[in-house]
Amino acid sequence: MSSIVDEIFGGDKPQRHERFRGEYPVRVRGLDNAFGDQVIHENLDLDLKRGEILGVVGGSGTGKSVLMRAIIGLQQPDAGQIEVFGQSMTDAEPDEALGVRNRWGVLFQGGALFSTLTVGENVEVPIKQFYPDLSPEFVSEIARYKVVMSGLPEEATNKYPSELSGGMRKRAGLARALALDPELLFLDEPTAGLDPIGASAFDQLTKELKQTLGLTVFLITHDLDTLHEICDRVAVLADRRVIAVDTVPNLMQLDHPWIQEYFNGPRGRAALTAQALDELRRHMDKPIAAEAVKALDKSGEDEA
Ligand SMILES: Nc1ncnc2c1ncn2[C@@H]1O[C@H](COP(=O)(O)OP(=O)(O)OP(=O)(O)O)[C@@H](O)[C@H]1O
């Protein structure tokens, strides 16, 4: 049966890679990064497991964004090895790196949309770059589909970034990150600046996309609710390296001052309580869950 792509390309359609079947789409070993005298990373190791959402946390300036930029080839490291889909990025020739680059999508902090292009045109940019022979009608059809997939109304396709709310701009950035059907998604603080309802909706969308598209997600965040709700594991950056990678409950047991302060401080505990309440509310048919919700709600009111 011939698909629309077959019809458009005939026998010359661009070859897509086989999906990555290895265990670790991203492997980082012995990474060093510095800006002048300022050492950011020293001997940093990290593995991203296929199919997981890996949260990346750390104090401000610990180098979360620099790590992401190094993995996607925007920051040349001083030392170390980075492998993406089993291919070395640090030793890759430019055209080899290009072959990997269309297999990931990136949502930068702030969305990084082109302000003079509509949302649809923004999404079209990577499609045109990697598939220059596609017809304009087909490219705009794909873009429209990605916009809707990102939870925006179809009409948003023709709007400019300045006409959108912050939450909508994030979704537009996500639509562009999904433009090339990536296997790997990098999200840099996707819920920063969103209200709690918008942030929670974005989290659920990320989780759904992971499940339905089989994505692997590298997610930089400060948002404790996001960590509790959707991250399979969390990597903690401190002391210039990744000091721990584990589930949130396991991390909470570790005796490191920053980890204790972060996860077991007042905000960490509030996020944990909120998650426990959400979980219990899903089982309100069970009397014990209903009782627990009532008790937790009451203690919340008393504290307030
Ligand atoms: N191009 C650059 N030139 C010089 N210094 C840089 C550059 N990019 C990042 N840095 C420095 O590297 C450090 C780590 O920056 P990075 O943005 O990765 O931190 P972060 O952990 O993502 O912080 P935040 O949580 O505040 O976003 C900071 O001190 C920053 O000033």
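In the hairpin formed by strands β1 and β2, where 2 residues lie between the strands, G36 takes a positive phi near 60°. The model is a predicted one, and in it β1 (residues 26–35) and β2 (residues 38–48) pair in the antiparallel sense over 7 bridges. F35 stands opposite Q38 in β2, and F35 is also among the residues around the ligand.

On the other side of the hairpin, β1 pairs with strand β4 (residues 79–84), again in the antiparallel sense, over 5 bridges, with R27 standing opposite E83 in β4. β4 in turn pairs with β5 in the antiparallel sense over 2 bridges, and the bridge partner of V84 in β5 is Q87. Taken together, 4 strands form an open sheet in the order β2-β1-β4-β5, with antiparallel pairing. The edges of this sheet are β2 and β5 (87–88), each of which pairs on one side only.

A second group of pairings involves strand β3 (residues 53–58), which is mostly covered, with 6 of its 6 residues buried. In a regular strand the side chains alternate between the two faces of the sheet. Both faces of β3 are covered, since I53, G55 and V57 on one side and L54, V56 and G58 on the other are all buried. β3 pairs in the parallel sense with strand β8 (residues 216–220) over 4 bridges, and here G55 stands opposite L219. β3 also runs parallel to β9, to which 5 bridges join it, and the bridge partner of V56 in β9 is A235. The strand pairings described so far are collected below.

| Strand pair | Sense | Bridges |
|---|---|---|
| β1 and β2 | antiparallel | 7 bridges |
| β1 and β4 | antiparallel | 5 bridges |
| β4 and β5 | antiparallel | 2 bridges |
| β3 and β8 | parallel | 4 bridges |
| β3 and β9 | parallel | 5 bridges |

Next comes the surroundings of the ligand. The residues around the ligand are F35, I40, G58, S60, G61, T62, G63, K64, S65 and V66, and by class this shell has 3 nonpolar, 6 polar and 1 charged residues. G58, which is one of the buried residues of β3, belongs to this shell as well. The largest share of the shell, 3 residues, comes from helix α2 (residues 64–71). This helix is mostly covered, with 6 of its 8 residues buried, namely K64, V66, L67, M68, A70 and I71. K64 and V66 are therefore residues that count as buried under the cut-off of 20 or more other C-beta atoms within 10 Å, and both are listed around the ligand. Just after α2, G73 takes a positive phi of about 80°.

A contrasting helix is α10 (residues 257–264), whose buried residues are I259, Y262 and F263. Seen down the axis of α10, these buried residues fall within an arc of 80°, so they line one face of the helix. An α-helix has 3.6 residues a turn, so residues three or four places apart point the same way.

Two further backbone conformations deserve a careful look. Most residues other than glycine have a negative phi, and most peptide bonds are trans. N43, although it is not a glycine, has a positive phi of about 55°; N43 lies in strand β2, and it counts as exposed because it has 12 C-beta neighbours inside 10 Å. R240, likewise not a glycine, has a positive phi of about 70°. R240 is found in the loop between β9 (233–238) and β10 (241–246), and its 18 C-beta neighbours inside 10 Å make it count as partly exposed.

For the chain as a whole, the secondary structure comes to 12 helices and 10 strands, and buried residues make up 35% of its 304 residues. Among contacts with a separation of 6 or more, 64% are accounted for by residues 24 or more positions apart.

As for confidence, the mean pLDDT of the protein chain is 86, and 85% of its residues reach 70 or more. Over residues 1–14, however, the pLDDT is below 50, and this stretch has 9 contacts in the model beyond near neighbours in sequence. For the complex, the predictor gives an ipTM of 0.97 and a pTM of 0.84.

Definitions and conventions. Residues are numbered from 1 along each chain as its sequence is written. pLDDT is the predictor's confidence in each residue, from 0 to 100. Two residues are in contact if their C-beta atoms, placed from the backbone, lie within 7 Å. A residue is near a molecule or strand if its C-beta atom, placed from the backbone, lies within 6 Å of it. Ala, Val, Leu, Ile, Met, Phe, Trp, Tyr, Cys and Pro count as nonpolar, Asp, Glu, Lys and Arg as charged, and the others, Gly among them, as polar. The arc is that of the directions from the helix axis to the C-beta atoms. Two strands pair if DSSP finds at least two bridges between them.
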